[in-house]
Amino acid sequence: MTTTRNRRKTTEGKVTSDKMAKTITVLVSRTYRHPKYGKYMKKQVKYHAHDEESLAKVGDHVEIVECRPTSRLKRWRLVRIIDRARAASQVEFNPEGGVA
């Protein structure tokens, strides 16, 4: 008999903190339409996610998946890093002002 796992929730967000050991804090933003008034609202939630190799850094765009509780706050796990944050040394500034 083979058992199948349930579909797990996945979401994308931006890493806001990597100061804990094997843990990152991910800010997930979503927009939705208010059911009564029709205005588009923005909701943000912070999740603690498990990062086994401590690969993610602050500013990275990551994908996380829901999993069983790892600790008191961690219920999410890092799947992959979608986009790395640019370091300050990589940003070029124009003499006229602005970022290139």
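In this predicted model, I24 has plenty of company: leaving aside residues up to four places away in sequence, I24 touches V15, S17, D18, Y47, H48, A49, D51, A56 and L78. Several of these names come back in the largest nonpolar core, a set of ten residues made up of V15, I24, V26, V28, A49, A56, V62, I64, W76 and L78. Strand 2 (23-33), strand 4 and strand 5 each put in at least two residues, and strand 2 gives the most, with three. That fits a general pattern, in which nonpolar side chains of soluble globular proteins tend to be buried together.

Around this core sits the sheet. Five strands close into a barrel, and going round it the order is 1-2-3-5-4, with mixed pairing. From one strand to the next, the twist averages 45°. Strands 1 and 2 run antiparallel and are joined by four bridges; K14, for instance, has L27 in strand 2 as its bridge partner. Strand 4 (residues 61-66) and strand 5 are also antiparallel, this time with six bridges between them. The parallel part of the mix comes from strand 3 (residues 40-50) and strand 5 (residues 76-83), which are held by two bridges.

R77 is a handy place to see how strand 5 is shared. On one side, R77 is the bridge partner of V65, and H50 stands opposite R77 as well. Strand 5 thus has bridges to strand 4 and to strand 3.

Next come the aromatics, and there is one aromatic pair in the structure. Its members are Y47 and W76, with ring centres 4.7 Å apart and planes at 40°, a tilted arrangement. The two residues belong to distant parts of the chain: Y47 lies in strand 3 and W76 in strand 5, 29 residues apart. How buried or exposed is each partner? W76 counts as buried because its relative accessible area is 9%, under the 20% cut-off. Y47, at 25%, is partly exposed. W76 is also a member of the nonpolar core, while Y47 is among the residues that I24 touches.

T16, in strand 1 (residues 10-20), gives another view of the barrel. Its relative accessibility is 32%, so T16 is classed as partly exposed. Not counting residues up to four places away in sequence, T16 touches T25, L27, K46 and V58. L27 is the residue that pairs with K14 across strands 1 and 2. R72, by contrast, is some way off: T16 and R72 are separated by 56 residues in sequence, and their C-alpha atoms by 19 Å in space.

Finally, two loop residues deserve a look for their backbone angles. As a rule, most residues other than glycine have a negative phi. K22 has a positive one, near 60°, and sits in the loop between strand 1 and strand 2. S54 also has a positive phi, near 55°, and its place is in the loop between strand 3 and strand 4. Are these two spots buried or exposed? Each falls in between: K22 is partly exposed, with a relative accessible area of 38%, and S54 is partly exposed too, at 35%.

Definitions and conventions:
Residues are numbered from 1 along each chain as its sequence is written. This is a predicted model: local features need pLDDT of at least 70, side-chain atom pairs count only at pLDDT 80 or more; totals for chains, interfaces and linings use all residues. Side-chain values use heavy atoms; hydrogens and water are left out. Two strands pair if DSSP finds at least two bridges between them. Buried means under 20% relative accessible area, exposed over 50%, partly exposed in between (1.4 Å probe, protein chains only). Contact means heavy atoms within 4.5 Å. A nonpolar core is a set of buried Ala, Val, Leu, Ile, Met, Phe, Trp, Tyr and Cys residues joined through side-chain atoms within 4.5 Å. Rings of Phe, Tyr and Trp (its six-membered ring) pair if their centres lie within 6.5 Å; planes under 30 degrees apart count as stacked, over 60 as edge-to-face and the rest as tilted. Axes are lines fitted to C-alpha atoms, for helices over the stretch in contact, and angles run from 0 to 180 degrees between N-to-C directions.
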